[in-house]
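Hi everyone, thanks for coming. I'd like to walk you through a structure that may be new to most of you, so please have a look at the screen.

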Amino acid sequence: MTDPDLLQLRSDSEAAIGRADPATLESLRIGLLGKAGQITSLLKSLGGMEPEARKARGAEVNELKAAVTVALEARKAILDEAALSLRLQAEKIDISAPARPEVTGTIHPISRTIEEITAIFTAMGFSIKDGPDIEDDWYNFSALNIPAHHPARAMMDTFYLQADGGERPPVLRTHTSPVQIRTLLQEPPPIRIIVPGRTFRADHDATHSPMFHQTEGLVIGKDISLGHLKGCLIDFLRAFFDMPQLPVRFRASYFPFTEPSMEVDIGWNRKTGEIGKGSDWLEILGSGMVHPNVLANCGIDPREYQGFAFGVGIERITMLKHGIADLRLFYESDVRWLRHYGFSPLAPATLHEGI
Ligand code: PHE
């Protein structure tokens with residue numbers, strides 16, 4: 001470009017475009033390249049010129065037009081970019097902001113107790129197992145050293161299912177102990193498991209329900225002793241009731257699948273129901289050293305391996321911990337009761353204080 005007027009127009013335009021806001025930019029575009037724009041008029045004026053002069057002039061005006069177009073586009077890109085990042089800034093979602101708690105339900109006290117038991121025993125290195133609700137006679141009784149016609153079978157108020165006449169009639173498991181057998185058959189020792197789950201007995205009153213929950217425990221190794229049983233259960237009960245000084249008593253008892261067997265009692269006040277205070281004892285769980293016959297029934301040599309087992313009634317310890325008087329309330333699904341006795345799903349059971 002040589003024409004000083006065109007050069008002037010170009011530099012003036014470029015300067016104005018360079019600092020234009022979006023509205024100004026649009027009016028600059030119309031003023032230069034619109035129907036009646038300056039550059040458009042220059043192009044129109046070429047029509048009346050001699051061919052030679054028009055060629056030279058045309059090249060100059062077209063060069064001007066190209067330069068201005070580039071400047072307009074460049075400025076538009078900058079303005080668009082700025083507008084976009086402004087919008088992104090304004091619409092930013094803070095994904096680190098805590099969720100607004102909208103609690104519509106609660107954790108049932110039975111589930112809560114299972115969570116707490118799980119937290120305590122996993123901290124001690126136990127793993128969690130489960131087994132079927134429908135067992136057969138062999139897993140529920142015979143393998144646990146309870147032979148046919150043994151009085152312990154009558155004690156359990158068993159629900160028998162339609163039998164097909166076979167040797168192992170199906171039953172609703174009366175305790176979680178059959179999972180001891182399933183585990184001993186599946187895994188080589190050492191074994192350290194707990195088994196929370198449903199159990200069934202034909203019994204119904206304020207402290208018994210035909211469906212209830214237990215947690216089994218089983219520890220098998222080469223040098224497991226009664227001392228381990230006592231230490232483990234004392235630690236468990238004191239952690240569960242959150243009372244480091246909770247009195248715990250071991251009382252000789254009988255179960256076909258343990259020898260020796262012990263009932264475990266905790267100290268309480270019978271009159272007030274207060275745990276850990278007073279001079280009364282309350283039976284809380286069954287335990288013992290796994291009977292050699294049980295190990296032998298599962299193909300484990302009782303001279304090489306031994307261990308202990310225990311069974312805890314989940315409803316029972318939940319009622320004691322939270323002062324719930326009637327076990328039937330657990331299953332009534334009364335929303336007012338659930339709101340009162342339930343737990344926040346946003347505050348799961350943890351063991352941050354340690355055992
Ligand atoms: N299975 C027994 C019951 O339901 C409890 C128990 C389990 C006792 C393990 C000793 C060892 O009564």
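I'll go through the domains, then the sheet, then the ligand, and end with some backbone details. One thing to keep in mind throughout is that this is a predicted model.

Let's start with the overall layout. The chain is divided into two parts: domain 1 covers residues 4-91, and domain 2 covers 109-353. If you take the centres over C-alpha atoms, domain 1 and domain 2 are 86 Å apart.

Now to the sheet. It is an open sheet of seven strands, and if you read across it, the order is β1-β4-β5-β9-β8-β7-β6, with mixed pairing. Which strands stand at the edges? They are β1, at 127-128, and β6, at 248-255; each has a single partner strand, so one side of each is left without a neighbour in the sheet.

Let's walk inwards from β6. Its link to β7, residues 258-268, is antiparallel and made by seven bridges. If you'd like one pair to find on the screen, R249 has D265 in β7 as its bridge partner. While you are there, look for helix α9, residues 226-240, which packs on the sheet. This helix touches β6, β7, β8 (280-290) and β9 (306-313), and its direction makes about 140° with that of β8.

Moving further along, β8 and β9 are antiparallel too, with five bridges between them. Here S287 stands opposite F310 in β9. On the next step, β9 pairs with β5, residues 211-221, again in the antiparallel sense, and this time over eight bridges. The residue to spot is E216, whose bridge partner in β9 is G311.

Please remember G311, as we meet this residue again at the ligand. How many residues surround the ligand? There are 14, and the closest are H175, S177, R201, Q214 and G311. Three of these offer polar side-chain atoms worth pointing out. For S177, such an atom lies 2.9 Å from a nitrogen atom of the ligand. R201 has one 3.0 Å from an oxygen atom of the ligand, and Q214 has one 2.9 Å from a ligand oxygen atom. How much of the ligand does the protein cover? On its own the ligand has 330 Å² of accessible area, and the protein covers 90% of that.

Last, a few backbone details. As background, most residues other than glycine have a negative phi, and most peptide bonds are trans. So where does this model depart from that? P189 and P190 are joined by a cis peptide bond, with omega at about 0°. You'll find P190 in the loop between α8 (178-186) and β4 (191-200). Another cis bond joins E259 and P260, with omega of about -5°, and P260 is placed in strand β7. Then there is H149: its phi is positive, about 70°, although this residue is not a glycine. H149 sits in the loop between α6 (137-140) and α7 (151-155).

That's the tour. Thanks for listening, and I'm happy to go back to any part of it.

Definitions and conventions. Residues numbered from 1 in each chain as written. Predicted model: local features only at pLDDT ≥ 70, side-chain atom pairs only at ≥ 80, totals over all residues. Heavy atoms only, no water. Pairing = 2+ DSSP bridges. Helix = DSSP H or I, 4+ residues; strand = E, 2+ residues; numbered from the N terminus. Contact = heavy atoms within 4.5 Å. Axes fitted to C-alpha atoms, helices over the stretch in contact; angles between N-to-C directions. Near = heavy atom within 4 Å. Polar contact = N/O pair within 3.5 Å; in protein donor to acceptor, adjacent residues only side chain to side chain. Areas by Shrake-Rupley, 256 points an atom, 1.4 Å probe, with all protein chains shown as cover. Domains from an automatic or database assignment.
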